[in-house]
Amino acid sequence: MTLSRFVFLFVLISFSASAQKDYKLWLQYNKITNPEIVSEYKSSLKSIISFGNSETLKIATKELETGILSILDQKPEIKKEIEGENNLIIGSQFSLNSDLQKALQSDFEKINNEGFIIKSIALKNKKQLIITGKNDVAVLYGVFSFLRLMQTNKSLKDLNIADSPKTNIRILNHWDNLDRTVERGYAGFSLWNWQKLPDFIDQRYIDYARANASIGINGTVLTNVNANALILTPQYLEKVEALANVFRPYGIKVYLTARFSAPIEIGNLKTADPKDPEVMNWWKNKATEIYKRIPDFGGFLVKANSEGQPGPQNYGRDHVDGANMLADAVAPFGGVIMWRAFVYSEHDANDRAKQAYAEFQPYDGKFKENVIVQVKNGAIDFQPREPFHPLFGAMPKTPLMMEFQITQEYLGFSTHLVFLPKLFQEVLASDTYQKGKGSTVAKVVDGSLYNNKITGIAGVANIGNDLNWTGHPFAQANWYGFGRLAWNPYLDAEVIADEWLRSTFSNDENFIKPVKKMMMESREAVVNYMTPLGLHHIMDTGHHYGPGPWVSNLSRPEWNPVYYHKADKNGIGFDRSKTGTNATAQYAPEVEKLFDNLETCPEKDLLWFHHVSWDYKLKNGQTLWNGLALKYQEGVNQVAAMQDVWNKTGKYIDSERFHEVQMLLEIQYKEAKWWRDACLLYFQQYSGKELPLGVEKPTQTLDYFKSLKFPFAPGNG
Ligand code: GCW
């Protein structure tokens with residue numbers, strides 16, 4: 001072989017190995033090198049015995065085999081019977097033999113239907129390790145959890161874990177269109193190849209299901225909330241059915257978005273009025289047709305009378321009428337309706353932040369049992385930081401599910417490294433005070449505050465057909481972290497970062513420590529360089545890429561950034577206190593007081609709730625103008641610090657991912673400066689003040705920033 005050919009082949013092989021790493025997400029199953037751990041694992045993992053032979057259990061067994069072989073370089077023996085010790089036994093409660101069932105009886109009382117047990121037990125004086133649950137999907141969750149222990153190099157001695165998910169519906173919302181574009185998608189096109197379905201089953205569907213199962217996600221809405229009725233025609237339902245068949249053994253249910261006007265568009269009816277008997281019947285028949293194909297179909301997600309989508313109000317009805325009509329259609333089959341509360345109207349002159357609460361809160365207790373209202377984490381729209389949505393805790397008789405956005409529509413697309421579990425945790429840990437101190441959003445979401453029967457967390461997916469699924473290698477951590485928090489909304493973001501880094505990259509402490517810190521600080525960095533001190537929605541129009549605080553020409557006032565920052569000669573910020581729109585009154589009295597009072601309002605939310613003068617004194621003694629400018633600079637500095645951290649990690653990880661992240665951080669740094677300069681130059685027109693010491697001078701003019709146009713920014717429909 002000539003040298004050049006050799007080099008070419010070498011590059012090709014190492015490229016594909018690296019690219020596979022990107023694709024393998026947090027399921028790398030890297031070989032462990034620490035000799036102590038290796039010897040401990042090897043002695044306790046000699047063989048696998050699985051009770052049961054469902055598709056799911058086969059997947060679980062295979063996963064264990066693959067994982068152990070790859071991590072230990074030792075192929076576990078697959079045995080039929082329990083003999084000797086140190087067997088790894090898997091199987092669901094009722095497929096276990098009676099000795100095991102007896103030995104674990106009290107453990108099964110500790111878990112719910114989807115929970116699992118991982119336990120070292122002595123059976124007839126012989127040590128065994130068992131992974132079990134009440135059904136096979138729960139066993140699969142246990143297996144992935146066990147492999148997580150291995151991937152993070154935890155000891156397997158004397159394990160005694162009983163872990164159950166705290167929410168029922170742990171679901172991804174794909175804003176995927178039938179033409180495979182993805183609304184607010186920054187990782188390529190949709191995974192769903194509708195053209196080739198149902199006959200062609202892309203390996204990606206299987207890998208997608210596996211990845212989701214590994215973090216406990218149990219549902220997926222395949223289609224965009226800005227819905228197309230065609231998905232409900234037989235031609236497409238056949239394709240949906242094929243996907244459902246792939247996902248089923250992984251415990252993932254399929255859901256669809258229901259376009260409210262579907263009875264007209266594909267049903268030839270004259271109306272979609274939810275009180276019209278023909279319409280009601282049409283949906284009942286549609287549900288029957290779907291459940292015939294997909295007996296475990298999850299139900300519908302609906303965006304109605306929001307941003308131009310059709311809905312019950314088109315017929316003089318309300319959200320309750322619409323949701324309950326659909327609920328009746330799916331109820332006989334055990335389906336649910338996830339009805340979104342993301343509403344605001346061009347005909348409503350009220351503060352947009354108040355509209356969803358104003359409209360939905362009075363409906364409390366009026367929805368059918370199988371309706372769950374899906375509420376975004378904040379009252380505006382997935383901003384880098386928002387106070388928690390006032391609806392949380394305010395509808396005691398209605399199950400509310402959380403809607404987070406995993407795709408980074410307002411947080412730098414798939415270009416910026418932002419670890420979102422920090423944001424998710426901040427929201428979940430917020431205290432609504434609706435039932436006294438300690439009434440956190442997490443307790444609303446997991447149903448413990450009001451004893452709700454159905455509970456759930458949705459995440460708008462950041463997944464596309466990019467080789468690495470999410471565009472940015474670190475955006476994988478947001479998918480992962482979403483799943484982990486949906487399983488347990490009380491998990492700590494730092495623990496999640498730690499698990500993810502170890503499973504995705506390396507267990508080397510020299511890598512973990514600084515990179516984890518970098519992840520943990522990344523969310524505050526993006527807040528600082530985009531929207532510090534409670535600023536929000538000042539991104540450029542439509543595509544939401546880059547700064548656009550100057551935009552003021554859109555037809556609907558609340559689509560204009562100037563509506564949100566209200567900068568003028570006197571100061572900046574949106575007065576939502578009593579002297580303003582009184583949005584603070586939508587919170588429980590304790591929270592209302594906290595936000596309403598300028599003295600007690602957390603500074604991170606200051607300009608969300610108050611319009612304050614440029615000379616207003618911040619807690620650190622700076623004037624607002626200086627403090628704001630310094631925050632923007634701090635954000636830029638934080639990105640520079642992230643780069644410094646990352647640049648030292650090359651020796652711990654593969655070169656491809658190292659370089660990818662390095663390039664992305666370089667862009668993030670450039671864009672952080674762009675945000676800082678554009679926003680400060682714009683606000684400076686009103687403050688009329690010099691930039692304080694320590695803030696770099698812009699190298700471009702405001703006109704230059706205003707002139708930038710991005711007609712082909714991704715994800716913009
Ligand atoms: O965040 C906004 C987006 C829209 C989206 C809408 C929603 C799917 O800009 O693209 O539409 O919210 O959540 O319905």
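**Tour from the ligand outward**

Start at the ligand and select N226: an N or O atom in the side chain of N226 sits 3.2 Å from an oxygen atom of the ligand. The protein covers 97% of the 340 Å² of accessible area that the ligand has on its own. Keep in mind while selecting that this is a predicted model.

Next, select R184. Its side chain places an N or O atom 2.9 Å from a ligand oxygen atom. Move on to E183, where a polar side-chain atom lies 2.4 Å from an oxygen atom of the ligand.

Now show the whole shell. Which residues come nearest to the ligand? Among the 15 residues around the ligand, they are E183, K303, R340, D381 and E409. Colour the shell by residue class: eight residues are charged, four are nonpolar and three are polar.

Switch to a cartoon view and pick out strands β7 to β14. These eight strands close into a barrel with parallel pairing, in the order β7-β8-β9-β10-β11-β12-β13-β14. From one strand to the next, the twist averages 25 degrees.

For a single pair from the barrel, select residues 400–405, which form strand β13, and residues 456–460, which form strand β14. The two run parallel and are joined by four bridges. Within this pair, E403 stands opposite A458 in β14.

Finally, zoom out and colour by domain. The assignment gives domain 1 as 20–163, domain 2 as 169–504, and domain 3 as two segments, 528–574 and 611–707. How far apart are the C-alpha centres of domain 1 and domain 3? They lie 48 Å apart.

Notes:
Residues are numbered from 1 along each chain as its sequence is written. This is a predicted model: local features need pLDDT of at least 70, side-chain atom pairs count only at pLDDT 80 or more; totals for chains, interfaces and linings use all residues. Side-chain values use heavy atoms; hydrogens and water are left out. A residue is near a molecule or strand if one of its heavy atoms lies within 4 Å of it. A polar contact is a pair of N or O atoms within 3.5 Å; within protein, one must be able to donate a hydrogen and the other to accept it, and residues adjacent in sequence count only if both atoms are side-chain atoms. Accessible areas come from the Shrake-Rupley method with a 1.4 Å probe; for residues, only the protein chains shown count as cover. Ala, Val, Leu, Ile, Met, Phe, Trp, Tyr, Cys and Pro count as nonpolar, Asp, Glu, Lys and Arg as charged, and the others, Gly among them, as polar. Domain bounds come from an automatic or database domain assignment. Two strands pair if DSSP finds at least two bridges between them. Axes are lines fitted to C-alpha atoms, for helices over the stretch in contact, and angles run from 0 to 180 degrees between N-to-C directions.
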